[in-house]
Amino acid sequence: MTAFVEIDGSYLEGGGQALRNALSLSVLLKRPVRVVKIRANRPKPGLSHQHLHGVNLLRDIAKADVTGNKLLSTELEFTPHKITSAMYKMDTRTAASITLIYQMIMPVLLFGGSPSRVDVIGGTNVSFSPQVEYMQQVLQPTLKRLGVNFDLKVLHYGFYPRGSGRCLLDIEPLRMLKAVELTDFGKFKTVQGLTYYAGRLPKCIAFDIQHSAEREMHRLWPGHECNIQVHKHMPDKARDNGAGLILVAETSTGITLGAAGLGEKNIDGHFIGSNVSCELAGYIKHEICVDAHMQDQLIIYMALAQGCSRILTGPLTKHTRTAIYVAEQMADVKFNIEYDDSGHTLISCEGIGYCNEYLA
Ligand SMILES: Nc1ncnc2c1ncn2[C@@H]1O[C@H](COP(=O)(O)OP(=O)(O)OP(=O)(O)O)[C@@H](O)[C@H]1O
């Protein structure tokens, strides 16, 4: 009988991230996993399209045996076999977040025997998930510091509710992840930004976003460069209505921090612009090195890396605590959390030094 590690999907955040991290680690560590109470804290618990497509993609990559991979399923058993690097294609036929599907499969394909390409159709800019620009401009340079090389191309942008965005993710395998030290903020240098709009939305929405964001950044950080480009996605690149903003701050020590916002229904450009710039300004003011969303996304990589990783961030999010819970259940790791009076949190962990068995 298979001995499954059981992960409680209702613990802390109770969203899909526990499932994604549990399955990625299951493949790498060759530990069959049973995830119960999946997304118990979401209004519609169980597997949504995004999770189901992610699970099925990972099943194909890991030649896994799976039960419970049905829409709205709240329990799943996953027994992986071997990692197969290849070209994969997945059409979600919905606005399921492409970046969250990548969040699940990327740690696995990094440890395959050759490069992989993953072509996914779904949503590129949807709520409660990283926008593709965040993955390209914030996740990519941050993971590079651990030795990760990926390239993300957007062939088509897709928004809620129709999706039909399309991305290609190219992943280079590596032998081991390097531990990362993201604790030295250095000096704040610049903020670059992009505000996009598509479909039948008027230009003024993008300008409202741009003006509010720039005004706020200049007010808070006079004398610092803040450059926000406005871009219209032409119909060959995006069929439906969508608008959003991504701001990226860089520091003299190469720290990259991001904040992003998205308009879906009844878009208020001024609200998006000032909200996103206030979020980023908060990170800069407190001189943190890892933004609130990158926190949880780094945990799995810290657990797998060789050596001690340390990241200096703001208040610990529930997503991060959930990711730590899953990593500690699945792998032989222990995360250490230290707080200081100014609201900083230092997360550290001695990684397991996971080694790619498919690379000589
Ligand atoms: N604005 C954002 N920028 C970058 N990353 C984000 C942003 N919003 C959410 N994320 C990331 O997306 C992931 C969402 O995980 P969560 O467990 O909430 O997803 P989910 O349950 O699968 O989604 P949902 O329940 O919303 O369908 C986390 O890694 C989080 O950091």
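A residue counts as buried if 20 or more other C-beta atoms lie within 10 Å of its own, as exposed if 12 or fewer do, and as partly exposed in between. In the predicted model described here, Thr183 has 17 other C-beta atoms within 10 Å and is therefore partly exposed. Thr183 sits in the loop between β9 (181-182) and β10 (188-198). Its C-alpha atom lies 6.0 Å from that of Cys289, although the two residues are 106 positions apart in sequence. Cys289 is also among the contacts of Thr183 once neighbours within four places in sequence are left aside; the others are Arg310, Ile311 and Leu312.

Thr183 also begins an annotated span. An unreviewed UniProt entry assigns residues 183-285 to "domain: RNA 3'-terminal phosphate cyclase insert". In the model, 34% of this span is helix and 37% is strand, and its end C-alpha atoms are separated by 15 Å. Helix α5 (residues 203-220) and helix α6 (residues 269-285) pack against each other with their axes 7 Å apart, at an angle of about 35°. The crossing of α5 past α6 is right-handed. On the α5 side, the residues that meet α6 include Ile205, Ile209, Ala213, Met217 and Leu220; on the α6 side, the residues that meet α5 include Ile272, Val276, Cys278 and Ala281. Polar residues also take part, among them Asp208, Gln210, His211 and Glu216 of α5 and His270, Ser274 and Ser277 of α6.

For the whole chain, eight helices and 16 strands are assigned. The radius of gyration is 20 Å, close to the 21 Å that the globule rule gives for 360 residues, so the chain is as compact as a globular protein of that length. Along the principal axes, the C-alpha atoms fill a box of roughly 60 × 45 × 40 Å. Of the 360 residues, 50% are buried. Among contacts between residues at least 6 apart in sequence, 75% join residues at least 24 apart.

The unreviewed UniProt entry also lists Gln103, His293, Met294, Gln295, Asp296 and Gln297 under "binding site". These positions are spread over 195 residues of sequence but cluster in space, with a largest C-alpha distance of 13.4 Å. Gln295 belongs to helix α7 (residues 292-304), and Asp296 is likewise placed in α7. Gln295 has 23 other C-beta atoms within 10 Å and is therefore buried. Asp296 is also buried, because 22 C-beta neighbours lie inside 10 Å. With neighbours within four places in sequence set aside, Gln295 is in contact with Val290, Thr313, Thr317 and Thr320. On the same basis, the contacts of Asp296 are Gln17, Thr317, His319, Thr320 and Ala323. Thr317 and Thr320 thus appear in both contact lists.

The contact between Asp296 and Gln17 forms part of a helix pairing, in which Gln17, Asn21, Ser24, Leu25 and Leu28 of α1 meet Asp296, Ile300 and Leu304 of α7. Helix α1 (residues 17-29) packs against α7 at an angle of about 20°, with 11 Å between the axes. Angles under 35 degrees count as roughly parallel, so α1 is roughly parallel to α7. The crossing of α1 past α7 is right-handed.

Conventions:
Residues numbered from 1 in each chain as written. Predicted model: local features only at pLDDT ≥ 70, side-chain atom pairs only at ≥ 80, totals over all residues. UniProt positions renumbered as here; feature names shortened; annotations may be inferred. Helix = DSSP H or I, 4+ residues; strand = E, 2+ residues; numbered from the N terminus. Contact = placed C-beta atoms within 7 Å. Rg over C-alpha atoms; globule rule 2.2 N^0.38 Å. Axes fitted to C-alpha atoms, helices over the stretch in contact; angles between N-to-C directions. Parallel < 35°, antiparallel > 145°, perpendicular 65-115°, else oblique. Left-handed = near helix turned anticlockwise from the far one by under 90°.
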